[in-house]
Amino acid sequence: MEPPTTATPTAPPAAAAPARPPPQIYESHYSASHARKLLASGALVRGVLRVNPKNRADAYVALDETPGSRAVQNAPELLGYGVGTGNDVYVCGDACRNRAVAGDVVAIRLLSKKEAARAYKANRLADDRRKDKMTAQRRARLAGMSEQMGAATETESAATEAESAATETESAATATGPRIPELFGTVVSIIIHDDDRTYAGSLSAVPPPAIVKRHAQFLRSAGRDVLWFRPLSGEIPIMALPAGDVPAELRGCKRNEYCSVRMRGWAATEPVPRATFVEALGGRGSIEAETLLILAENGVITAPATPGVLRCLPAVPWTIPRADLARRTDLRARCVFTIDPASARDLDDAVSCERLPGGRLLVGVHIADVSYFVRPGTALDDHALARATTTYMVQRAYPMLPAVLCEDLCSLGPGVDRLAFSVLWEMDPASGAVCATWFGRSVIRSACKLSYDDAQAAIEGRGLPAAVSCSHARADVESAIRQLDALARVLRRRRFDGGALSLNNVRLAFELDAAGAPVGCRQYPIRD
């Protein structure tokens, strides 16, 4: 009989070593409240970051507030660095840019001379390494071409010599050094960053060499399920985004397939920002894809108005309330008209001109009063603020405001009462001198909608085309156009006599087919 076996006691499993925290790559940003205090005390200055698209290590901040007495007292060299002076603070290298991107409003701390010298030296060394690498790549390409052709010809030898001479010249320039900026700064807080801005570019499954070389821990933590977004603009850094967010057809990372993303954060422990996928933009070459690329690269918002924005709009049909009519100057009886391109739908300005007793002219400019409908702090106000302006492409426009406003209620169409902000000038037709001015909110009713060709016909004495419908006498409209033209000539001559320069650049007008594709072009005619 075998003796009973006894189990050998086993040691408890060793606890897993805690994961090493990722190293901090960038300095932490100041809190918003702390940055505000330091800005108020003059210890920091603020401005808009601008990045060199050909070398992202070079960035500049144009101050958007003239430094106060406290700031100048802290840093006397700030004197002369106010708004509009053209003087920028130099932000040298990735570390000093500290995760800010082009267009951000940032708070910056000025560097001491010692700190500036250290940052500048590090940046110059990195720049020299980059140039050396580019030179080596160029030489390797030339050597490869020589081998493929069998032998180095005289032309190739000359090219190699020219390449070497260019490199030596570049090295000499580096040794001499460019003009060193006077003021250096480092970003300590990002005051305003547009979270809704989109960036256009392409995707790659291959991580950037710099990340492979210097940030192995980040690469391991990112894992394989990450794609790398390479923006078209050199101002913007490479970004990482989850492959799962990207449509399956784009995960193959074809070379000429483009998309747009949004930046969603940049931790101080990560070498590049994270991004979220927005939309596929298509392949390079098609009109539609190129249009979308331009819009995305320039941050133009094309999304339709949200339900919250639409709730801010009045119900249509809409008429001016009596109370508003009573509060405004009634100019509906005046001969007011619009002059725009023939295809225009948003008629946002109108003009008028009549002769007064005594010979002076009463000239009027009337702008649609959009502020009546866009109240401060509303969703509609935020919608307009984000867009800033209507963006015109060749084949379509992306309006700042919903169509019910820009094409209807705020469009000064003929025969309808519209709210406006008007200025009336009493002017001497012989000298162009302004004798009296009135500004005010008004109500107008446009007599007719004219194109540039219609107005030119009146100027040349051919009269308005028969197709133009007028609620005022046609003779009155034609007379007003000719009076405005004569006054414009007087003012133009006065400007040129005072030293003005005429720059009549050639403009192209494109002819499009029914699908919006260009089929021809012509020179845009310059009218009086």
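# Briefing: backbone outliers, cysteines, cores and a buried serine

Ala-388 is exposed, at 58% relative accessibility. The model in which this residue sits is predicted. The points below cover unusual backbone geometry, one strand hairpin, the cysteines, the nonpolar cores and the surroundings of Ser-422.

**Backbone geometry**

- Most residues other than glycine have a negative phi, and most peptide bonds are trans.
- Ala-388 departs from the usual sign, with a positive phi near 70° in a residue other than glycine.
- Ala-388 is placed in the loop that runs between helix 11 (379-387) and strand 15 (391-392).
- Asn-98, also not a glycine, has a positive phi of about 50°.
- The loop holding Asn-98 lies between helix 3 (93-97) and strand 4 (105-110).
- Asn-98 is buried, at 2% relative accessibility, whereas Ala-388 is exposed, at 58%.
- A cis peptide bond links Val-316 to Pro-317, and its omega is near 0°.
- Pro-317 belongs to the loop between helix 9 (307-310) and helix 10 (322-327).

**Hairpin of strands 20 and 21**

- Strand 20 (residues 508-512) pairs with strand 21 (residues 518-523) in the antiparallel sense, over 5 bridges.
- Across this pairing, Ala-509 stands opposite Arg-522 of strand 21.
- The hairpin has 5 residues between the strands, and Gly-516 takes a positive phi near 85° there.

**Cysteines**

- A disulfide is a covalent bond between the sulfur atoms of two cysteines.
- The count of disulfides in the model is 0.
- The sulfur of Cys-470 has its closest cysteine sulfur in Cys-448, at 3.6 Å, which is too far for a bond because the cut-off is 2.5 Å.
- For Cys-353 the closest cysteine sulfur is in Cys-335, at 9.7 Å, also too far for a bond.
- Cys-353 is buried, with a relative accessibility of 7%.

**Nonpolar cores**

- In soluble globular proteins, nonpolar side chains tend to be buried together.
- The largest nonpolar core has 47 residues, and those touching the most other members are Leu-78, Tyr-199, Leu-203, Phe-229, Met-239, Leu-241 and Val-261.
- Strand 3 (residues 88-92) supplies the largest share of this core, with 4 residues.
- Another core lies apart from the largest one and has 22 residues, including Val-336, Tyr-372, Cys-410 and Ala-420.
- Leu-241, listed above for the largest core, touches Leu-203, Phe-229 and Val-261 among others.
- Further contacts of Leu-241 include Asp-225, Val-226, Leu-227, Val-246, Ala-275, Thr-276 and Phe-277, with residues up to four places away in sequence not counted.

**Surroundings of Ser-422**

- Ser-422 is part of strand 17 (residues 417-427).
- Ser-422 has a relative accessible area of 0% and is therefore buried, as that value is under 20%.
- The side chain of Ser-422 makes a polar contact with the side chain of His-366 at 2.7 Å, and another with the side chain of Ser-442 at 2.6 Å.
- Both polar partners, His-366 and Ser-442, are also among the residues that Ser-422 touches.
- Besides these, Ser-422 touches Leu-331, Val-365, Trp-438, Phe-439, Gly-440 and Ile-444, leaving aside residues up to four places away in sequence.

Terms used. Residues numbered from 1 in each chain as written. Predicted model: local features only at pLDDT ≥ 70, side-chain atom pairs only at ≥ 80, totals over all residues. Heavy atoms only, no water. Pairing = 2+ DSSP bridges. Helix = DSSP H or I, 4+ residues; strand = E, 2+ residues; numbered from the N terminus. Buried < 20%, exposed > 50% of the residue type's maximum accessible area, 1.4 Å probe, protein only. Core = buried A, V, L, I, M, F, W, Y, C linked by side-chain atoms within 4.5 Å. Contact = heavy atoms within 4.5 Å. Polar contact = N/O pair within 3.5 Å; in protein donor to acceptor, adjacent residues only side chain to side chain.
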